[in-house]
Number of protein chains: 2
Amino acid sequence: MNPQDNRAGHLHQIPLPSLPPNGHGACPVRDVLDRLGDKWSTLILVTLAHGPQRFNALARSVPDISRRMLTETLRQLERDGLVWREVAPSTPPAVAYGLTALGTSLMPPLAALIDWAERHQPAIAAARDRFDTGRVAPEEESRPA
Amino acid sequence: MNPQDNRAGHLHQIPLPSLPPNGHGACPVRDVLDRLGDKWSTLILVTLAHGPQRFNALARSVPDISRRMLTETLRQLERDGLVWREVAPSTPPAVAYGLTALGTSLMPPLAALIDWAERHQPAIAAARDRFDTGRVAPEEESRPA
DNA sequence: ACCCATGGTTACATTGAGGGAACCATCGTG
DNA sequence: CACGATGGTTCCCTCAATGTAACCATGGGT
């Protein structure tokens with residue numbers, strides 16, 4: 001069975017995702033998925049899954065993130081109740097962040113998705129190569145005369 | 001246990017997601033998550049999970065998507081090997097799309113995530129309300145005197 | 001006196017995703 | 001003859017996401 005000639009039809013055995021009755025309008029799922037889709041949320045959540053961290057420590061754990069995006073993303077996650085924020089009234093104030101129970105409950109499905117991505121990344125890379133180099137099979141790409 | 005006062009520390013019992021040794025540079029997971037994060041990919045995948053569809057049928061199943069984005073998103077998904085494309089040489093040519101085995105293998109983890117989103121959407125909405133209106137607890141949930 | 005670290009905020013520039021409309025070729029229908 | 005449906009492609013424009021850099025207040029080190 002060639003991976004590229006691999007049509008699957010409808011298999012109704014596996015968990016078939018279906019969007020809420022809503023269908024498309026103001027879909028709450030869309031809402032959540034959008035956040036995970038942004039550039040830093042997932043990375044921050046995964047980092048915090050290893051334990052709470054303070055702002056600058058987080059900035060160092062997630063390299064290439066700017067202070068601005070770190071603040072903003074953390075605010076969104078806090079607003080959504082996935083992350084807590086705690087300010088210690090010292091000087092200078094020490095601010096810690098961590099996962100809430102809600103945030104923690106997201107880890108299993110998220111980890112499953114990440115796991116899928118890692119596991120199938122070679123297949124995806126191969127598919128891209130096939131698609132990019134020339135859509136036909138690797139060896140004799142010319143059709144018979 | 002107050003939902004907002006709900007720090008979870010590190011619980012090492014659940015599947016702890018961790019990014020590849022790479023860490024951040026050219027993370028393959030990032031790569032996959034980015035695609036799922038775009039506006040239409042997930043919606044199209046979920047739609048195709050119910051069975052193959054032709055281009056215009058798909059356009060009708062996923063309302064508010066423009067032909068342009070539909071074409072583009074399908075191309076990406078095809079390139080990544082998640083979706084196949086078949087052209088019937090009729091006039092006018094009939095083009096069908098469907099999930100490949102790879103695409104189908106994504107459904108369980110994706111469904112799990114969607115399920116999480118649906119299940120916890122009320123909690124998220126509540127958290128947002130709390131955060132937006134005034135951060136402190138509504139009433140009796142505030143700390144005792 | 002100066003620099004660094006704390007945890008941000010603000011202003012400004014860029015970039016890329018996405019929307020909208022027009023165009024293309026063929027065929028069947030009214 | 002004109003129109004709609006087939007499955008796209010191409011150009012243009014806009015807006016939200018993101019990056020960059022500077023600034024703020026405090027206190028400790030050297």
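User: Which residues are closest to DNA strand C?
Analyst: In this predicted model, DNA strand C is surrounded by 20 residues, where near means that a heavy atom of the residue lies within 4 Å of the strand. The closest are A:Asn56, A:Arg85, A:Tyr97, B:Lys39 and B:Arg68. Of the atoms of DNA strand C that come within 4 Å of the protein, sugar and phosphate account for 67%.

User: What lies 2.3 Å from a phosphate oxygen of the strand?
Analyst: That is a polar side-chain atom of A:Arg85; a polar contact is a pair of N or O atoms within 3.5 Å. A polar side-chain atom of B:Trp40 lies 3.2 Å from a phosphate oxygen of DNA strand C. For A:Val95, a backbone N or O atom lies 3.2 Å from a phosphate oxygen of the strand.

User: Which element gives the most to that surface?
Analyst: α4(A) does, with four residues. Helices (H or I, at least four residues) and strands (E, at least two) are DSSP runs numbered from the N terminus.

User: New topic: where is B:Thr100 found?
Analyst: B:Thr100 is in the loop between β3 (94-99) and α5 (101-133) of chain B.

User: Is B:Thr100 buried or exposed?
Analyst: B:Thr100 is buried, with a relative accessible area of 3%; buried means under 20%, exposed over 50% and partly exposed in between, using a 1.4 Å probe and protein chains only.

User: Which backbone nitrogen does its side chain reach at 3.1 Å?
Analyst: The side chain of B:Thr100 reaches that of B:Gly103 at 3.1 Å, and the backbone nitrogen of B:Leu102 at 3.3 Å.

User: How are residues and chains labelled, and what was counted?
Analyst: Residues are numbered from 1 along each chain as its sequence is written, while chains are lettered from A and ligands numbered from 1 in the order in which they are written. Local features need pLDDT of at least 70 and side-chain atom pairs count only at pLDDT 80 or more, whereas totals for chains, interfaces and linings use all residues; side-chain values use heavy atoms, leaving out hydrogens and water.

Terms used:
A polar contact is a pair of N or O atoms within 3.5 Å; within protein, one must be able to donate a hydrogen and the other to accept it, and residues adjacent in sequence count only if both atoms are side-chain atoms.
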